[in-house]
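Visitor: Could you take me for a close look at a single part of this model, and then show me how that part sits in the whole? I work with computed structures, so backbone details are welcome.

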Amino acid sequence: MTKDDVLAALGTVYDPELDEPITALKFVASCEVADDGAVSVRLRLPTPQCAPNFAFLMAADARDAVRTVPGVGAVSVVLEDHYTGNEINAAVAGDGGFGDAFPGETEGELDALRELFRRKALVARQGRLLETVADPVSARLGDLTGPDAVRCRELRSELGIDASDEAPAFVRGDGTPVPAPEIARFARMASLTAISLEANGGVCRSLLSVRYGIEEVAA
Amino acid sequence: MYEKDGEKYFVVDSHSHFWDASPENWVKGAEEYAKGWIECFHAYQGLGPAETHWSLEKFQKYTAEDFEKDVFDEGHVDVAIFQPTYLKEWYTNGFNTAEQDSVMAARNPDKSIVNGRFDPRDGDPGLRQLEEDHAKYGHKGVKLYTAEWNSGSRGYKLSDDIAQPYFEKCIELGISNIHVHKGPTIWPLDKDAFDVADVDKVATRYQELNFIVEHVGLPRIEDFCFMATQERNVYAGLAVVIGGLMHARPRFFAKVMGELLFWVGEDKMLFGADYAIWEPKWQVEGLVDWDFPDDTFSDYPRLGVEGKKKILGLNAAKLYGIDVPAEFRLDDEEPAAREAAQLVES
């Protein structure tokens, strides 16, 4: 097992709000692999005030992803410089849930939040794919190609939406196909959602580069 | 005022601050939060042009003279609307209170509007405080920060039952402009704190009030836009959009402006510099000069001189009943004060 294996696993962890891998966003501050297979990952975010729920999801997902790497020993994931870092790090280290990190301040775990943002991400990705097909209503998922299409399939699988080649290419956030009369409005809403995610990603990249004095990475 | 190519712009900065985040004002035991908050703001300043960046020390606490020079003398601002952010759990005297703002306003009474605040978790004493503040400062608006911490609670929603008496009190007192700023925490913490559904609910319920969603609901521009199309009394506060994107990410800025012009429209967008995060000068001048970068943006509505005049000042002047001198008005426009007065009477 090498550091590259660990980084590859971390590359499957997405910022749920931005729908981008935490590695591409440069949220992985450091990653060390010891001789005995113990892995130590440190995460950093664009501001100390980033939302605790999304921060927790990324830290917990990173821990879980690294644990799947064959040959890995003890896994430590620590979120740096965050105003609720102590709470989050303690829960992540102890295999606790979000409710354990913030007792009394939650009603449930973060599944509903994660699902909501997967649906947003799916709509946004489709917004970019709409202009690649001649007839969006008759298009099938198998007709779509490229990174956005790959990610759409992942998101649809995670959401329990048909992700086979023969499935309709364009679906609303709830998984139902977009009917012909609604395509124009769907395109407008999908484009807006995509721009919102991109703008947020842009702000996050800028703030991270200012905060840590690192060279900005292109979106 | 700002003049360019023979056009005169009356500038209302709808989002301004006079804060004290110096270490002397940090609450003991909460230093990391107080420090983190202002350093986060300081990082945002980094998104503006390099020649407008300040040292962290100056950024933590600037003087009244700094404000007057940057906002009124060089920043083209005719009227500044001060938006308070108390954060008394982190800052001993508050981060930016109406009291601090009133010091600036006393020096520049014709150029200043001091907004208030409330926190529905303060119950009846909070309602009385709002009355007292209104009597003292003549508030026409309040700024609400839903992610503010208060005695163990990390936030609230505008639709919470405890908030409703406060909106009714605002209507009674004639505080008609509710500026809403979403932040990263809210109870319960597992929900999306930036969700604007609660604004939608109260905007429908209180037709007498205007709801200005600050930072256009960032990071939920899409939710904000869908909601704003359905609510007559919901407005877009452009603070952070211009300051954070126009210089640092001009193509994103163009896309976001295009979407806002399409969904919200130039009649409901309000300029705000968010001083001292960013100085108004480069933002006002940049917006007046701004156009879509190329024809890949041809799907979006255009923004002309008239629209820029509305966004930079005339829209906010209407909401606040500011009397705009004739030379700055649009040809077909009623004087703002008269129109606002009619609204109150009807």
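Guide: Happy to; what follows starts at one residue of chain B, moves along the loops after it, and then widens to both chains.

Please keep in mind that this is a predicted model. Let us begin at B:His181, which belongs to strand S7, the stretch covering residues 177-181 of chain B. Is B:His181 buried or exposed? Its relative accessibility is 15%, and buried means under 20%, so B:His181 counts as buried. Setting aside the neighbours within four places in sequence, the residues in contact with B:His181 are B:Lys143, B:Leu144, B:Tyr145, B:Thr146, B:Glu214 and B:His215. For a sense of spacing, take B:Gly155: B:His181 is 26 residues from B:Gly155 in sequence, and their C-alpha atoms are 12 Å apart.

From S7 we can walk on along the chain. The loop between S7 and helix H7 (197-205) holds B:Pro188. The peptide bond joining B:Trp187 and B:Pro188 is cis, with omega at about -10°. That is worth a pause, because most peptide bonds are trans, and most residues other than glycine have a negative phi. Both habits are broken again in the loops that come next.

Consider the loop between strand S8 (210-213) and helix H8 (221-230), where B:Pro219 is placed. A second cis peptide bond is found here, between B:Leu218 and B:Pro219, and its omega is about 5°. B:Val216 also lies in this loop between S8 and H8. Its phi is positive, near 40°, although B:Val216 is not a glycine. With a relative accessibility of 0%, B:Val216 counts as buried. So the S8-H8 loop carries a cis bond at B:Leu218 and B:Pro219 as well as a positive phi at B:Val216. It also brings us back to our starting point, since B:His215 and B:Glu214 are among the contacts of B:His181.

One more loop deserves a stop. B:Val240 is located between strand S9 (234-237) and helix H9 (241-246). Here too a residue other than glycine takes a positive phi, this time about 85°. What is the relative accessible area of B:Val240? The value is 12%, so B:Val240 is buried.

Now let us step back to chain B as a whole. This chain contains 13 helices and ten strands. Its radius of gyration is 19 Å, close to the 20 Å that the globule rule gives for 346 residues, so chain B is as compact as a globular protein of that length. Along the principal axes, the C-alpha atoms fill a box of roughly 55 × 50 × 40 Å. Of the 346 residues, 64% count as buried, and B:His181 is one of the buried residues. Among contacts between residues at least 6 apart in sequence, 75% join residues at least 24 apart. The accessible surface of chain B is about 13,200 Å², with 49% of it on carbon and sulfur atoms. As for charge, chain B has 37 positive and 63 negative side chains, and the centres of these two sets lie 2 Å apart.

Chain A is the partner. Its secondary structure consists of seven helices and five strands, following the pattern α-β-β-β-β-α-β-α-α-α-α-α along the sequence. The radius of gyration is 19 Å, which agrees with the value near 17 Å for a compact globule of 219 residues. The C-alpha atoms of chain A fill a box of roughly 55 × 40 × 35 Å along the principal axes. Of its 219 residues, 53% count as buried. Chain A carries 21 positive and 35 negative side chains, and the centres of the two sets are 4 Å apart.

Finally, how do the chains meet? The size of an interface is often given as the accessible area lost when the parts come together. Chain A and chain B bury about 3,600 Å² between them, and 60% of this is on carbon and sulfur atoms. On the chain A side, A:Glu105, A:Arg188 and A:Leu192 lose the most area to chain B, together 19% of what that side buries. The contact involves 42 residues of chain A and 39 residues of chain B.

Key:
Residues are numbered from 1 along each chain as its sequence is written. Chains are lettered from A and ligands numbered from 1 in the order in which they are written. This is a predicted model: local features need pLDDT of at least 70, side-chain atom pairs count only at pLDDT 80 or more; totals for chains, interfaces and linings use all residues. Side-chain values use heavy atoms; hydrogens and water are left out. Helices (H or I, at least four residues) and strands (E, at least two) are DSSP runs, numbered from the N terminus. The radius of gyration is taken over C-alpha atoms; the globule rule is 2.2 Å times the number of residues to the power 0.38. Buried means under 20% relative accessible area, exposed over 50%, partly exposed in between (1.4 Å probe, protein chains only). Lys and Arg count as positive and Asp and Glu as negative; His and the chain ends are not counted. The place of a charge is taken as NZ of Lys, CZ of Arg, CG of Asp or CD of Glu. Contact means heavy atoms within 4.5 Å. Buried area is the accessible area (1.4 Å probe) that two parts lose on being put together, summed over both. Accessible areas come from the Shrake-Rupley method with a 1.4 Å probe; for residues, only the protein chains shown count as cover.
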